Amino acid sequence: MSEWRLWYREPASLWMQAVPIGNGRLGAMVFGGVDSERIQLNESSLWSGGPQATDNPDALSHLAEVRNAYFAGQYRRAHQLADSRLMSVGGGFEAAYGASYQVLADLWIDTLNPTGSVHEYRRDLDIGTGVASTEIAAGRTRLIRECFASMADDVIVVRLEPDNPGSISVRLRLTRPADATVRAAAPNCLHLSGQCDGGTGMRFAAQVVAICSGGRHWADGDSICIEAADGVTILIAGTTDYREPIPDGRCRRTIEACRTQPYESLRSRSAEAHQKLFDRVDIDLGRSAASDLPTPDRLKHVRAGGDDPHLLALYFQYGRYLLMASSMPGAMPANLQGLWCEELKPAWHSDYHLNINVQMNYWHAEVANLAECHLPLFDLIESLVEPGSKTARVHYDCPGWVAHTITNVWGFTSPGWSAGWGMWPTGGAWLCQHLWEHFAFGRDLDFLRRAYPTMRSCAEFFLHFLVEDPRTGGLVCGPSVSPENAYRSADGQTANVCMGPSMDQQLIWDLFTNCIEAADALGEDGEFRNRLIDARARLAGPRIGKHGQLQEWLEDFDEPEPGHRHISHAFALHPGRQITLRDTPELALAVRRTLERRLEHGGGHTGWSRAWFISFWARLEEPELAHENAVALLQD
């Protein structure tokens with residue numbers, strides 16, 4: 001039995017308790033029900049909405065006014081002006097943005113003959129093979145149900161295997177909350193087709209085919225009935241018209257390519273493709289008596305102060321598993337929920353947040369030897385260049401391209417509808433760091449030739465967008481924000497919008513540095529390289545504040561929320577490289593003080609924020625603190 005396994009003694013009653021499987025494009029949440037199994041399905045490109053004209057043609061005429069107000073110390077006025085004059089048009093999220101990642105469907109496997117008293121139950125997820133399984137013993141029958149998303153064959157496969165021949169009698173159903181119809185296309189085939197937004201948006205389709213050994217099967221309305229079968233293999237395909245015009249055809253072709261394969265062949269092909277990636281990395285932190293407990297009991301043990309080093313190793317491998325499952329070449333990149341979503345309008349639209357979330361999804365792509373999983377993110381970045389170039393011209397009269405806090409599959413690059421979170425023009429700069437990191441690890445010059453124009457164009461934007469701080473002469477970015485955080489000035493003004501927030505300055509330093517090194521590696525673009533060197537030297541750099549902390553803003557402002565979940569101004573330590581223990585020890589010490597102050601005031605209370613702390617402590621070579629924060633993730 002694999003050591004890389006999550007397991008449970010009861011079915012999932014909530015979506016968050018189900019286990020995820022995925023092949024990068026198709027995903028599912030497997031519940032492990034007894035008399036009714038739910039397998040919730042996703043396809044990575046299924047989105048409502050469409051391209052929207054949200055750039056604000058009046059923003060440019062107010063840009064200088066906002067900057068001047070800030071430099072005059074009118075911080076609240078600068079914020080209010082930005083909020084009313086610089087933001088996107090069109091009516092806000094529902095009217096203008098209106099795009100959400102969506103559920104594809106739910107497959108239900110309902111037992112026709114109630115199982116009766118269950119005397120043994122186990123469900124698990126073997127992340128080493130990508131197989132989710134449920135084992136149920138009731139009466140004289142033991143049923144094993146396996147489910148996996150095959151990277152090799154691009155299908156989700158479910159297998160029902162009893163130890164008692166002729167004991168499988170089930171009904172198969174497909175459902176969706178809205179915008180879809182289901183029909184039985186054959187005695188063993190269900191077909192779902194739909195179109196988002198009430199029939200005006202993206203088209204999608206799913207197909208389910210049941211291959212039975214023994215027994216009999218028939219269509220019953222919009223479901224399939226199977227009676228007295230010895231075993232059943234269920235093939236599930238799904239797609240949208242995001243990249244090809246007729247999704248139904250792709251589903252049929254995918255199913256036809258798989259239906260003649262024996263189940264053992266489908267399973268072994270899937271496991272082999274999965275293990276080619278998963279087995280590249282091993283980690284051994286030791287084991288304890290708790291290592292053999294069910295996963296919920298292991299978590300309880302750690303919450304009670306117990307030691308379980310293997311659980312940390314499992315957590316690390318689970319992070320690799322989730323990236324593999326939600327981001328493979330040819331699919332969409334991992335979104336706010338990776339690949340998995342049970343709703344039509346999930347939290348925050350399950351879109352791409354560029355002020356840390358999508359980047360954090362990919363922090364381990366290179367260091368955990370999953371470089372291929374990075375590729376869908378690069379496709380998304382390149383898709384933003386054209387719309388981002390329009391936003392750069394309309395909002396800022398700048399060449400190059402820009403992206404702000406949020407985006408989606410439709411190329412949204414505008415600032416959004418609230419300055420407090422949306423007035424942040426450095427999303428593209430942070431995305432470009434991932435292009436450079438992929439090259440830095442792989443040293444593939446052909447890839448750098450592909451990536452460099454995107455990086456260069458983003459840098460070109462900032463060369464024109466930066467302005468001189470009239471008080472110091474340094475180049476600063478803005479108007480902008482330090483992501484989602486507010487400041488309080490000495491005279492009591494509270495605002496978010498500012499000039500030259502530390503994170504922006506660090507991101508631009510990082511972008512310019514990476515472009516300089518890319519030009520060197522390619523042996524070209526010397527004149528542009530020299531412009532970047534000159535501008536980088538003039539950037540307003542990191543500063544140490546009155547508490548010994550790294551300042552989050554140009555001024556040493558106080559914070560209304562000193563335990564804020566974002567630690568944006570420490571970007572230069574991780575994932576950036578502007579601050580290091582050896583080259584900038586004073587600044588590294590200031591970052592350490594920043595982290596201490598955040599934690600002292602309740603910071604790190606969200607999972608992703610705590611994860612960032614782990615990386616900070618690792619860069620500061622504080623293994624005990626990195627470990628302490630990793631354990632805190634498991635405890636809370």
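User: Happy to start with a loop: where is the place of D154?
Analyst: This is a predicted model, and D154 has a positive phi of about 60° in it, although D154 is not a glycine. As for its place, D154 sits in the loop between β8 and β9.

User: Is D154 buried or exposed?
Analyst: Good thing to check next. Buried means under 20% relative accessible area. D154 has 18% relative accessibility, so D154 counts as buried.

User: Which residue other than glycine has a phi near 45°, and in which loop is it found?
Analyst: The residue with this positive phi is S350. With a relative accessible area of 0%, S350 is buried. The loop that holds S350 runs between α8 (309-326) and β17 (352-353).

User: Back to the strands around D154's loop: what is the order of the open sheet of nine strands?
Analyst: The pairing in this sheet is antiparallel. Its edge strands are β1 (5-8) and β11 (180-186), each pairing on one side only. From one strand to the next, the twist averages 15°. The full order is β1-β6-β7-β8-β9-β16-β13-β12-β11.

User: Which helix packs on that sheet, and about what angle does its direction make with that of β8?
Analyst: The helix is α6 (residues 263-278). It touches β7, β8, β9 and β16 (231-240). Taken against the direction of β8, the direction of α6 makes an angle of about 45°.

User: In β7, which residue is the bridge partner of D124?
Analyst: Let's look at the strand pair before the residue. Strand β6 (residues 118-126) pairs with β7 in the antiparallel sense, over eight bridges. In β7, the bridge partner of D124 is S133.

User: How many residues of strand β12 are buried?
Analyst: Strand β12 covers residues 189-195. On one side, six bridges join β12 to β11, and the two run antiparallel. With β13 (residues 203-213), β12 pairs in the antiparallel sense over seven bridges. The strand is mostly covered, and the buried count is six of its seven residues.

User: Through how many residues does the hairpin join β11 to β12, and which residue in β12 is the bridge partner of A180?
Analyst: The hairpin that joins β11 to β12 does so through two residues. As for A180, its bridge partner in β12 is G194.

User: Which residue in β13 stands opposite L192?
Analyst: The pair to look at is β12 and β13, which are antiparallel. In β13, the residue opposite L192 is A206.

User: Now the open sheet of seven strands: why is one side of β2 and of β14 left without a neighbour?
Analyst: The order here is β2-β3-β4-β5-β10-β15-β14, with antiparallel pairing. That places β2 (19-22) and β14 (216-220) at the edges. One side of each is left without a neighbour in the sheet because each has a single partner strand.

User: By how many degrees are neighbouring strands of this seven-strand sheet turned against each other on average?
Analyst: The sheet is the open one with antiparallel pairing that includes β5 and β10. With direction ignored, its neighbouring strands are turned against each other by an average of 20°.

User: Which residue in β10 stands opposite I109?
Analyst: β5 and β10 pair in the antiparallel sense, over six bridges. Opposite I109 in β10 stands L172.

User: Which element gives the most to the lining of the second largest pocket?
Analyst: About 340 Å³ of space lies in this pocket. Of the 18 residues that line it, the closest to its centre are T111, T115, T141, L143 and S167. The elements that give two or more residues to the lining are β5 (105-111), β7 (131-138), β8 (141-149), β9 (156-162) and β10 (168-175). With four residues, the one that gives the most is β8.

User: How many nonpolar residues does that lining have?
Analyst: Sorted by class, the lining of the second largest pocket has six polar and two charged residues. The nonpolar residues number 10.

User: Which residues does a cis peptide bond join to P479 and to P575?
Analyst: P479 is in the loop between β20 (475-476) and β21 (487-488), and its cis bond has an omega of about 5°. P575 lies in the loop between α17 (526-538) and α18 (585-600), with an omega of about 10° for its cis bond. The partner of P479 is G478, and that of P575 is H574.

Terms used
Residues are numbered from 1 along each chain as its sequence is written. This is a predicted model: local features need pLDDT of at least 70, side-chain atom pairs count only at pLDDT 80 or more; totals for chains, interfaces and linings use all residues. Side-chain values use heavy atoms; hydrogens and water are left out. On a 1 Å grid over the protein atoms alone, a cavity is a set of points where a 1.4 Å probe fits but cannot get out, and a pocket is an open set with protein on both sides within 12 Å along at least five of seven lines; lining residues have an atom within 4 Å of a point. Grid points are joined across faces, edges and corners, and a volume is the space filled by probe spheres set on the points. Ala, Val, Leu, Ile, Met, Phe, Trp, Tyr, Cys and Pro count as nonpolar, Asp, Glu, Lys and Arg as charged, and the others, Gly among them, as polar. Two strands pair if DSSP finds at least two bridges between them. Axes are lines fitted to C-alpha atoms, for helices over the stretch in contact, and angles run from 0 to 180 degrees between N-to-C directions. Contact means heavy atoms within 4.5 Å. Buried means under 20% relative accessible area, exposed over 50%, partly exposed in between (1.4 Å probe, protein chains only).
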